[in-house]
Amino acid sequence: MESKFTEAYPKTPDATREEECLRVSDMLDLMIDGEASTDEQQYFNKHIEECVSCFENHQKQKLLKGLVSGHLKRVIVPHSLVQSIKARIQETL
Ligand SMILES: [Zn+2]
């Protein structure tokens, strides 16, 4: 009974996944800025398809970046506001 129960769970290579997440979070800025290479983009996109936390990080970053740059085009955002948004991004990572 017990062995059957454990067999139901696929072995997850935790260390590998953690390494991938680190790599992906390093790429996040490049991806947002559109500066990632084709290889990096492929790796990144494949990873966020399987990894919810990295996917959410990417969505959050994209959204915040869009908000900040969108505002900057129309009005001058006080520097303090940009700083507080950036600080908030850091907190959530
Ligand atoms: Zn991940």
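The chain has a mean pLDDT of 81, and 74% of its residues reach 70 or more. The model is predicted. Confidence varies along the chain. Helix H1 (residues 2-7) has the lowest value, a mean of 53. Helix H3 (residues 38-50) has the highest, at 95.

The secondary structure consists of 5 helices and 0 strands. In sequence order the pattern is α-α-α-α-α. Burial is scarce: of the 93 residues, 5% count as buried. Contacts were also sorted by separation along the chain. Among those between residues at least 6 apart in sequence, 49% join residues at least 24 apart.

UniProt, in an unreviewed entry, places the feature "domain: Putative zinc-finger" at residues 21-54. In the model, this stretch is 85% helix and 0% strand. Its end C-alpha atoms are 7 Å apart.

Two residues of helix H2 were examined in turn. Valine 24 lies in this helix. Valine 24 is buried, because 23 other C-beta atoms lie within 10 Å and the cut-off for burial is 20 or more. With residues up to four places away in sequence set aside, valine 24 touches Phe44, His47 and Cys54. A further distance places valine 24 relative to asparagine 45. These two residues are 21 apart along the chain, and their C-alpha atoms are separated by 9.3 Å.

Leucine 30 is also assigned to helix H2, which spans residues 14-33. The surroundings of leucine 30 hold 14 other C-beta atoms within 10 Å, so this residue is partly exposed. That count falls between the limits, since exposed residues have 12 or fewer such atoms and buried residues 20 or more. Beyond its neighbours within four places in sequence, leucine 30 is in contact with Glu35, Ala36 and Glu40. Glutamine 41 is 11 residues from leucine 30 along the chain. The C-alpha atoms of this pair are separated by 9.2 Å.

Helix H5 covers residues 79-92 and has 14 residues. From its first C-alpha to its last, helix H5 reaches 20 Å. This is close to the 20 Å expected at 1.5 Å a residue. None of the residues of H5 is buried, so the helix lies largely in the open.

Definitions and conventions
Residues numbered from 1 in each chain as written. Predicted model: local features only at pLDDT ≥ 70, side-chain atom pairs only at ≥ 80, totals over all residues. Helix = DSSP H or I, 4+ residues; strand = E, 2+ residues; numbered from the N terminus. Expected span 1.5 Å × (residues − 1). pLDDT = per-residue confidence, 0-100. Contact = placed C-beta atoms within 7 Å. UniProt positions renumbered as here; feature names shortened; annotations may be inferred.
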